[in-house]
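Reader: I am new to this structure and would like to be taken through it step by step. Could we begin with one small local detail and then work outwards?

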Amino acid sequence: MCGIVAYIGDREALPVLINGLKRLEYRGYDSAGVAILNKEVNIYKCKGKVSDLEQFMEGKDKTGKIGIGHTRWATHGEPNDVNAHPHQSYHGKFTIIHNGIIENYARLRTRLEERGVKFQSETDTEVLANLIEYIYEQGKTDAELAVRLALSKVIGAYGLVVLCADEPDKLIAARKGSPLVIGVGNEEYFLASDATPIVEYTKSVIYLNDGDVAIIRKEQLILKTSGQDMSVPKVTELTFDIGEIDKGGYEHFMLKEIFEQPRSIEDTFRGRVRPDDLELHLGGLYQVMPKLVEAKRIIIIGCGTSWHAGLVGEYLFEDLARTSVEVEYASEFRYRNPIINKDDIVIAISQSGETADTLAAIKLAKEQGALVLGICNVVGSSIPRETDAGVYTHAGPEIGVASTKAFTCQVTVLAMMAILVGKKKGLISEERFKNLIHEFTLVPGKIEKILTKADSIKKLAALYKDATNSLYLGRGYLFPVALEGALKLKEISYIHAEGYPAAEMKHGPIALIDDKMPVVVVATKDSSYEKIVSNIQEVKARNGIVIAVVTEGDTVISGMADHVIEIPDAENVYATLLSVVPLQLFSYYIAVMRGCNVDQPRNLAKSVTVE
Ligand code: F6R
């Protein structure tokens, strides 16, 4: 949520900031702004997207080699020009960009107002800017100390970058709870909320830890911990390329990411699944494998799509490894008083690795003594650093706000884990194991085949683009797919969609069904096939429109449903990976036809770093 970017060096700052903001726009797009230091600090900001900001800046002086920029997802104060970042302190000495929430901002603001400080905006960030300046002026101190002292009075989360007009040779950056990455160039530094704006300039990055404060001059970076100790920056090499964060000829990132799934799944199991080998190699779990095998219970936590992947994980672990699993919304788990036993293992799932609720739930689980594993996509993000061990998903950068390839890669990792644990528990015979691995390697090719049907799914989408409601049904492994299909449709097309276990339909949702209601049924051939056929009949008996995702060659459902989308046959275990793909495409085409901004749906942000 909110993207921040900053530059100090010998280049003109503006192009770096604008490019960076465009790359970060998926984190928020309510408003955008930059501040560039030349002789003085010039601030340009406005409501809307980065393209609106570019127009707004036309003809203005934008030169300067130090600058900061921000793209906002509004928390405090509506999206408008005044609330847009950067924010400047009351005497204009400090200009700051901030991602996160200052929870005690109201109390701090009142205290500053009592002392005569005037505010322009409704934001928590301006409170921080004014607090820094107040301390700076009252204490007659330097900028770094003023920032530190101000932060010591703040409750909440921040990733922030500060520009001080009196000390124009440096940027001051700090992190607590919100991510911040520094790219190390040759006598230049790039700062951003994540590495996507940095990778085109340098692959050497430093991920700040909570409590870190960095003082950055173009020729020198000083890193200090919260205790003011100097700390040696740990430089990490980025593992992705610039090409991976471009649209690559597709109209939208979401479409590109849907089409990338055969490759991203392969990348996720490459080196870990070897067809001729009777092992699965999950290096990140070696140390903890005995505990995972012995675990009496696994608690999976996540949010949104990652929570849906967790539900698939429940079926996988119960089926293949006979481990009991509970799947929890991280946001609920963290505020309950959950019972965690010593033999339990918590698995946190997150694409971004920065979701605030998931991070808080991890901290709670750790405090209660649990071993916490992570399944995460963004290397070096907070969740892999907070967890005891884990597995990366290797989906590559996911830029479209609606998650697609991250979901299938999360399920891929969960399937590998469950198969491995099942095998180590002696529940999966050698022959079954070989078969499961063989089937796994066929998944990417089968998804390729589904993707060739994109045009017919587009035609189907055209028929239902004006629907106002829809229902998604599935059973067993396919119930989480129904939930995920419904989430995709509602978040990018704004059509109301609900996912249900098919058998639950008669306990309420069936009342909604009429001849205008599309009911998407995920009904491939699995153990509950006969049951779902009955559910389809129940819908048809009420004149509902049935769109069914079925196994190739299915004649029974084809004879009943209004439309079928055929997908290749697959093991139960992998049916989720295949059946979700047509639903992603269906939502995508509907949203495009409705003129929605598919990659940046209204009100949403890619990485939810506030609770
Ligand atoms: C939906 C979507 C969100 C995320 C959720 C968790 O398409 O993208 O529901 O799945 O915000 O995000 P991560 O996985 O980054 O923790």
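Author: Let us start in a loop of this predicted model, the one that runs between β4 (66-72) and β5 (87-88), where P86 is found.

Reader: What kind of peptide bond joins H85 and P86?

Author: The residue to look at is again P86, which lies in the loop between β4 and β5. The omega angle of the bond that joins H85 and P86 is about 0°, and the bond is cis.

Reader: Which residue in the loop between β9 (181-184) and β10 (189-192) has a positive phi although it is not a glycine?

Author: The loop to search is the one that links β9 to β10. The residue there has a phi of about 55°, a positive value, although it is not a glycine, and its name is E187.

Reader: How are helix α4 (residues 124-139) and helix α5 (residues 143-152) oriented to each other?

Author: A general point helps here: a pair of packed helices is described by the distance between their axes and by the angle between them. For α4 and α5 the axes come within 8 Å and cross at roughly 125°, and the crossing is right-handed. An angle from 65 to 115 degrees would count as roughly perpendicular and one over 145 as roughly antiparallel, and the two helices are therefore oblique.

Reader: How many nonpolar residues does the contact of α4 with α5 have?

Author: On the α4 side the contact includes L128, I132 and Y136, and on the α5 side it includes A143, V147 and L151. Sorted by class, the residues of this contact include no polar and no charged ones, and the nonpolar residues number 11.

Reader: Is helix α9 (residues 304-321) roughly parallel or roughly antiparallel to helix α13 (residues 405-424)?

Author: The axes of α9 and α13 come within 9 Å and cross at roughly 20°. Because angles under 35 degrees count as roughly parallel, α9 is, relative to α13, roughly parallel.

Reader: How many polar residues are in the contact of α9 with α13?

Author: Among the residues that make this contact are H308, G310 and F317 of α9, together with F407, Q410 and M417 of α13. The division by class gives no charged residues, 14 nonpolar ones and, for the polar class, 7.

Reader: How much area do domain 2 and domain 3 bury between them?

Author: Domain 2 covers 247-447 and domain 3 covers 453-598, and their C-alpha centres are 25 Å apart. Their contact takes 36 residues from domain 2 and 28 from domain 3. Carbon and sulfur atoms account for 71% of the buried area, which is about 2700 Å².

Key. Residues numbered from 1 in each chain as written. Predicted model: local features only at pLDDT ≥ 70, side-chain atom pairs only at ≥ 80, totals over all residues. Heavy atoms only, no water. Axes fitted to C-alpha atoms, helices over the stretch in contact; angles between N-to-C directions. Helix = DSSP H or I, 4+ residues; strand = E, 2+ residues; numbered from the N terminus. Contact = heavy atoms within 4.5 Å. Nonpolar A, V, L, I, M, F, W, Y, C, P; charged D, E, K, R; others polar. Domains from an automatic or database assignment. Buried area = accessible area lost by both parts, 1.4 Å probe. Left-handed = near helix turned anticlockwise from the far one by under 90°.
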